[in-house]
Amino acid sequence: SVRGTARPPPGDADLARSEHYRRIDAVVVGARVTVLRGPPAVLSGANAVRDRLHESATAALGDERGGVLLGLLDGDDASLSQATLEDFRRGGLSHLLVVSGSNLGFVLAAVAVVLARLPLGRRARLLVSMVLVVFYVLVTRAEPSVLRAAAMVGVALAIAFSSDGLSEKERAVIDGIADAAHVSKETVDRL
């Protein structure tokens, strides 16, 4: 529970220009926060993975380059400068920094490469991929665009999982779903 006084946000001009600030309706002042119960273990795990990913990316690549990587992976552009964000907008690439099916495609492509090197059968790789898609949804805080992409990828993976040999028509259905989810046909094939 939270107890405090809600007030309109301060009128700081620099802060008001930030994307994050525009989503704030009120600020709670003098708050006392009591945690009644922590999040479920799976959400705590997803938060820990997200935090570790952010720490690693910025430590290895610096705030700007690490921020670009984080934008590509989970849509987090908080560590990017306004100049970099504007460069992406001018270049018509700002959609890459918003969590979506494309981000899920990047992650699945990397997972497919790793899984292909492990001594796992196709069904095991597909099952691991399904679990990772669900975990990715949690890591990205279940943004609607990721939920849509995950649903489509889930259908494609489920179809691929349930069929031993695919007809040309079935393959076309999976390819269409993968296209709609922004996941390459090669990624689905590797899984």
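In this predicted model, Arg89 has a relative accessibility of 43% and counts as partly exposed, because partly exposed covers the range between the 20% limit for buried and the 50% limit for exposed. The side chain of Arg89 meets that of Glu86 in a salt bridge, with an N to O distance of 3.4 Å. Glu86 is likewise partly exposed, at a relative accessible area of 31%. Both residues belong to helix α3, which spans residues 82-90. Because Arg89 and Glu86 are three residues apart in this helix, about one helical turn separates them.

A second pair in helix α3 is made up of Arg90 and Asp87, again three residues apart and about one turn of the helix from each other. Arg90 forms a salt bridge with Asp87, and here the closest N and O atoms are 2.5 Å apart. As for their surroundings, Arg90 counts as exposed at 60% relative accessibility, while Asp87, at 44%, counts as partly exposed. The two pairs do not stand alone: Glu86, Asp87, Arg89 and Arg90 are linked in a network of salt bridges.

Helix α2, covering residues 41-74, offers another example. In this helix, Glu55 and Arg52 lie three residues apart, about one turn of the helix. Their side chains meet in a salt bridge of 3.7 Å, taken from N to O. Glu55 is partly exposed, with a relative accessible area of 44%, whereas Arg52 reaches 51% and therefore counts as exposed, the cut-off being over 50%. For the structure, the count of salt bridges comes to four.

Attention now turns to Asn103, a residue in helix α4, which runs over residues 101-116. The relative accessibility of Asn103 is 0%, so this residue counts as buried. Which residues does Asn103 touch, leaving aside those up to four places away in sequence? The contacts are with Gly71, Leu72, Leu73, Asp74, Gly75, Leu96, Val98 and Tyr136. Among these partners, Gly71, Leu72, Leu73 and Asp74 fall within the residue range of helix α2, 41-74. Farther along the chain lies Ala149, 46 residues away from Asn103 in sequence. The C-alpha atoms of Asn103 and Ala149 are separated by 9.5 Å.

Notes. Residues numbered from 1 in each chain as written. Predicted model: local features only at pLDDT ≥ 70, side-chain atom pairs only at ≥ 80, totals over all residues. Heavy atoms only, no water. Helix = DSSP H or I, 4+ residues; strand = E, 2+ residues; numbered from the N terminus. Buried < 20%, exposed > 50% of the residue type's maximum accessible area, 1.4 Å probe, protein only. Contact = heavy atoms within 4.5 Å.
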